[in-house]
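The following paragraphs introduce a protein model to a reader who has not met it before. Please keep the sequence and the structure in view while reading.

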Amino acid sequence: MRITRLLLLAAAAVAAVIPTPKPEGEEEAPAPCPEISGKEWETTVAEGTYWVKFYSPQCGHCQMLAPKWERMYQEIGNDVASRHDFHIAAVNCLADGDLCNQENINVYPTLNLYKNGKKVETYDLRKGTQPSRLAKFVEEKIKEASGISKLEGDEEKIASTKKANVNVEGLSVDLNPTNFKALVSDDPTGWYIKYYLPSCPHCVAMDDAWNEVAAKFKNQLNVGEINCAKYADFCRGQGIEYYPAVTFQIGELSVTYNGERTTDALTLFGLQAVEARDMKSVNQLEFEELRQKHPETVSYIYLHDEALFPEDLQALQKFAINVVAHANVYKSDDKKLVDKFSVTRLPALVAVNNDYTDEMSFEVYPEYDVGHLRNSERLLQFARRTWLPLMPELTPINQDSVFADGRIVVLALVDREDKFATKVAIDELKQSATKYFKAKMHARQKELDLLRIQRHSERAKLLKEKDPKLQKKLEKDDTSVPTRPPVQFAWIDADKYSKWIESRFRFNWDDRKANAPIIVIDDAKNVQFFDTDDKNARLEPSDAEQLARVLDLIEKNNSRQLFPRSTRGFFASWFIFVWGLKTYILLVFVLLAVAKMGKRYLRHRRSAATPTLGKWE
């Protein structure tokens, strides 16, 4: 037994010494990013350039950064170390707390750059933590060490070349009150600007998306950012009320972005801003192609002749910036488009609804006076009335526009997972909307024709009698081009916005999802909605006559013939009901008070009429 044990021990010792052969074709795993301990720190970073990540394994942000840092190291770490003496490493502050305290590390992760043992820079994590952005930082530092200067570091160079070189490096530039005028206010190419607070979690979450946007707009649009913790007064002066705030600014004109903070949404808004800045000149064929490319939007086209006035063009560019994200703006001198839209006077602005395909597809901006296109306030009023397409998707971004001015909204609640049923419902409701608007506008046109005949006879009468009352009546122009009635058609992804539907219409979408699509007519002005007609039948997207009948009853305040339901909750409805009776309640209290005072007065009269027996001395 003793000999057997000795033999087994000897065999185990030999096996431990002899390495186990690896299977053919299996490669060694790449070495991870090296870590520096406290004992090795002084001698390791004493020579060369070191970019060091100080982290804690228990830190959530460190855990998120770890795979990105490791990937960056695997892609460039060995190469930059051998060719440029630029080393990438890490320090575990949980294991080497004394070293991290020595280097004044207060937050994790912290990325410090050292040259020959001395810290020269701390990387700003807001610039992005994608592997490509981290690698870009390494490339920039290597170029600086080689004597190649950064464009952002030379403000005078930016001011002299910014018009010729727009966002040449694809990075977000740090702006401040000192360089803002030279870089932004005096730049005709425009800037895409983010206002942020370093302590704001939403701002931090948006950093990666913002840096990706800056890279996408390389050589197209300048991108910058302002730290409002440092420059609070300046940000307040710019009208910033919340963070992060995103604006597009060209000269002194700026427009605020109100969409989602994702890369795709921010990029789309930037592209729309660039299109508004450049304002493409088109002919009829190009314009029709653009309409087909954006079928669910509204386009504005500025029609002009050879005499293109700079004042009109400047006002038009201001208008284009103000309607960014709502509509596209083009200009044209094509006579075919002038004839198509029946324009009799140039210049003219036409709102073209790309959903329509007939003569009801456009509306010409009214001619108030000679400089009618230079009145910014009237232009914006015209835009707010016309920039919604025939049937947009209702989202939190356009909710205010859809329900603006007390519009009655015909809303289709659809189940987007059922793509076929959703498409059919939207197409049917769109056709019903087209029929409704055509009928309304034709009826309005007949009214205007009769009104013009009446006005003509009244003017003739005025020439004879010179009646001042009649003259005042004729000064009011109520015979202009017919406009769409205050009704908006729309659709909503009910699965995505089920909470909004439940709070608005007081029913659970999951319970009624099987009956999708559901048509609801929302009368926000009177705080009520309808999902049935005057015969208590369900509203159908394809029944244009049914929808028109219900809408007419609502517009004429005959909703009692229908079956209205309140958009308020139970307690809110009771409160509003009681508040509506406040006058009557007050009157009852006054009557009770008068009755009580009268009763006391009569009692006093009776006691005064009783004879007294004199005073006892």
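**Cavities, helix packing and backbone details**

By the rule used here, the count comes to two cavities of 30 Å³ or more. On a 1 Å grid over the protein atoms alone, a cavity is a set of points where a 1.4 Å probe fits but cannot get out, and lining residues have an atom within 4 Å of a point. Grid points are joined across faces, edges and corners, and a volume is the space filled by probe spheres set on the points. The model is predicted: local features need pLDDT of at least 70, side-chain atom pairs count only at pLDDT 80 or more, and totals for chains, interfaces and linings use all residues. Residues are numbered from 1 along each chain as its sequence is written, and side-chain values use heavy atoms, with hydrogens and water left out.

The second largest cavity has a volume of about 40 Å³. Its lining consists of A315, K318, F319, N322, S376, L379 and L380. Helices α12 (310-322) and α14 (376-386) each supply at least two of these residues, and α12 gives the most, with four. Helices (H or I, at least four residues) and strands (E, at least two) are DSSP runs, numbered from the N terminus. By character, the lining divides into four nonpolar, two polar and one charged residue. Here Ala, Val, Leu, Ile, Met, Phe, Trp, Tyr, Cys and Pro count as nonpolar, Asp, Glu, Lys and Arg as charged, and the others, Gly among them, as polar.

Helix packing comes next. Two packed helices are described by the angle between their axes and the distance between the axes. The axes of α3 (residues 60-84) and α5 (residues 131-145) come within 8 Å and cross at roughly 30°; axes are lines fitted to C-alpha atoms, for helices over the stretch in contact, and angles run from 0 to 180 degrees between N-to-C directions. The two helices α3 and α5 are therefore roughly parallel (an angle under 35 degrees). On the side of α3, the contact (heavy atoms within 4.5 Å) is made by L65, K68, W69, R71, M72, I76, V80 and H84, and on the side of α5 by P131, L134, A135, V138 and I142. These residues divide into 10 nonpolar, one polar and two charged.

A second pair is formed by α8 (residues 201-216) and α10 (residues 263-278), which pack at an angle of about 40° with their axes 9 Å apart. Helices α8 and α10 are therefore oblique to each other, a word for angles outside the ranges under 35, over 145 and 65 to 115 degrees. In this pair, M206, A209, W210, E212, V213 and K216 of α8 meet T263, D264, L266 and T267 of α10. The contact comprises five nonpolar, two polar and three charged residues.

Which backbone details deserve a look? Most residues other than glycine have a negative phi, and most peptide bonds are trans. A cis peptide bond joins Y108 and P109, with omega about -10°, and P109 is found in the loop between α4 (97-102) and β3 (110-115). Another cis peptide bond joins Y243 and P244, where omega is about -10°; P244 has its place in the loop between α9 (232-237) and β8 (245-250). N167, although not a glycine, has a positive phi of about 45°, and N167 lies in the loop between α6 (155-161) and β5 (173-175).

Methods
1 Å grid on protein atoms, 1.4 Å probe; cavity = no way out; pocket = protein on both sides within 12 Å on 5 of 7 lines; lining within 4 Å.
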